[in-house]
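Dear colleague,

I am handing over the structure below, and after it you will find my notes on its aromatic side chains and on one part of its surface. Please read them with the model open beside you.

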Amino acid sequence: MGTVNLQALLTRTRSWLRRNLFSSVGNTLLTILCLVTLAAIGQGLWHWLTEVANWQVVQVNLPLLLVGRFPRDQLWRIWVILGLILGIGHFSWGYLDAKFTRAIALWGGVGAMAVLVALTLAGRPLGWILALWLGSGICWGGGHWLGSRFRQIGQYFPVLWAGGFFGVLWLLGGGLGLQAVSRTLWQGLVLTLLMAFSGIILSFPMGVLLALGRRSSLPVIRLLSIFYIEVVRGLPLIGILFSAQVLLPLIFPRTFEIDNVTRAIAGLTLFSAAYLAENVRGGLQSVPSGQVDAAEALGLTRWTTLGLIVLPQALRAVIPAIVGQFIGLLKDTTLLSLVGLFELLGMARSVLSQPEFIGYYGEVYSFVGVLYWIFCYLMSLGSRQLEIQRR
């Protein structure tokens, strides 16, 4: 049986290669040229990675790149936060992956392991590693089991993720029995992810409301929504970030202190909501008007029709655009260093300013680029899985 399966696999592989890469003389020459070029690039890259690059700059400064100046005696909070995110993420993934797509599950595990290995290099806490890895597997299995039996629990996922978000904020900042940690110490990868996902969570409902407002029959609401969307989309993000840093303290009373992190989150949210509103509006326009007419004929109210019929179809149609916007928001956090916040890229610049590591740009920026790619690709992969489940 094994020999037969192997022969069938080889036959399909040869057929695919002949059909896609060697179907004609031109395609064959182009394939050979591409392979030679990739081999030359790969050989040079491998030589630089293994013999030229000095990765000591990353190993020595890994804690700075990941958590910045967060108190070292409070690093257990970062591990708890990582466990919370991995647990909720794997539970959600297991729920969505009700058909047990092994490739998706494997890649989710590989992505989580990549983060864990990177954190391990900072202090080698093997106990945390094993606990998080085991807990993630249990959460994935629990989500998979519940997803195959109780599909209705999916409606509570926004509450689950919102609770996890506020739990992360509580663990980072302290309070309610925990030692308070100043937000000026939130730096590195932790700050990048916090800013990105704060902007995502806060801008999504705002963008939906703006999209609905732009299609509203009330002139005042429609004009205000159009004015906000067009003005914000016509301004660069860095201008909005500087405006948030300067104007928000002037708007609120002096007794209400707003730190730099909160101002930056406000700027990212206001900027992202305008672009998200246009994505959602495109989805709303894709819903046939007959859907609304049928709902009215059945006696459904306007808000019921909007919440149960129009919005679910509209959001499903624009999942790729929305996720693309969220990925762009994650990468836009690199501008925060210009307003005095040391996110991942800003912390990389501070590492390169150390006298003993001046000139190691390739090593540091390659490591930072890999981290950005991991999180962006995982978001893209999750969106594709969500699309499959929503078809």
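**Aromatic side chains and a surface patch**

Trp 48, in this predicted model, has a relative accessibility of 24% and therefore counts as partly exposed. Its partner is Trp 55, and the two form an edge-to-face aromatic pair, with 5.7 Å from centre to centre and 75° between the planes. Trp 55 is likewise classed as partly exposed, because its relative accessibility is 31%.

This pair is one of six aromatic pairs that a search of the whole structure finds. Another is made by Phe 357 and Tyr 360, which also meet edge-to-face, at 6.1 Å centre to centre and with 75° between their planes. Here the two partners fall into separate classes: Phe 357, at 7% relative accessibility, counts as buried, whereas Tyr 360, at 24%, counts as partly exposed.

A further aromatic ring, that of Tyr 275, has a charge over it, since the charged end of Arg 233 sits there at 5.7 Å from the ring centre.

Turning to the surface, you will find a nonpolar patch of about 640 Å², to which Val 246, Leu 247, Leu 250, Ile 251, Phe 252 and Phe 256 contribute. Of these residues, Phe 252 lies in the loop that runs between α10 (237–251) and α11 (260–286). The relative accessible area of Phe 252 is 36%, so this residue is partly exposed, and that value is also over the 30% that patch residues must exceed.

With best wishes

Technical notes:
Residues numbered from 1 in each chain as written. Predicted model: local features only at pLDDT ≥ 70, side-chain atom pairs only at ≥ 80, totals over all residues. Heavy atoms only, no water. Patch = residues over 30% accessible without salt bridge, like charges linked within 9 Å, V, L, I, M, F, W, Y side chains within 5 Å. Areas by Shrake-Rupley, 256 points an atom, 1.4 Å probe, with all protein chains shown as cover. Salt bridge = Lys/Arg side-chain N within 4 Å of Asp/Glu carboxyl O. Helix = DSSP H or I, 4+ residues; strand = E, 2+ residues; numbered from the N terminus. Buried < 20%, exposed > 50% of the residue type's maximum accessible area, 1.4 Å probe, protein only. Phe/Tyr/Trp six-rings, centres within 6.5 Å; stacked < 30°, edge-to-face > 60°. Lys NZ or Arg CZ within 6 Å of the ring centre and 35° of its normal.
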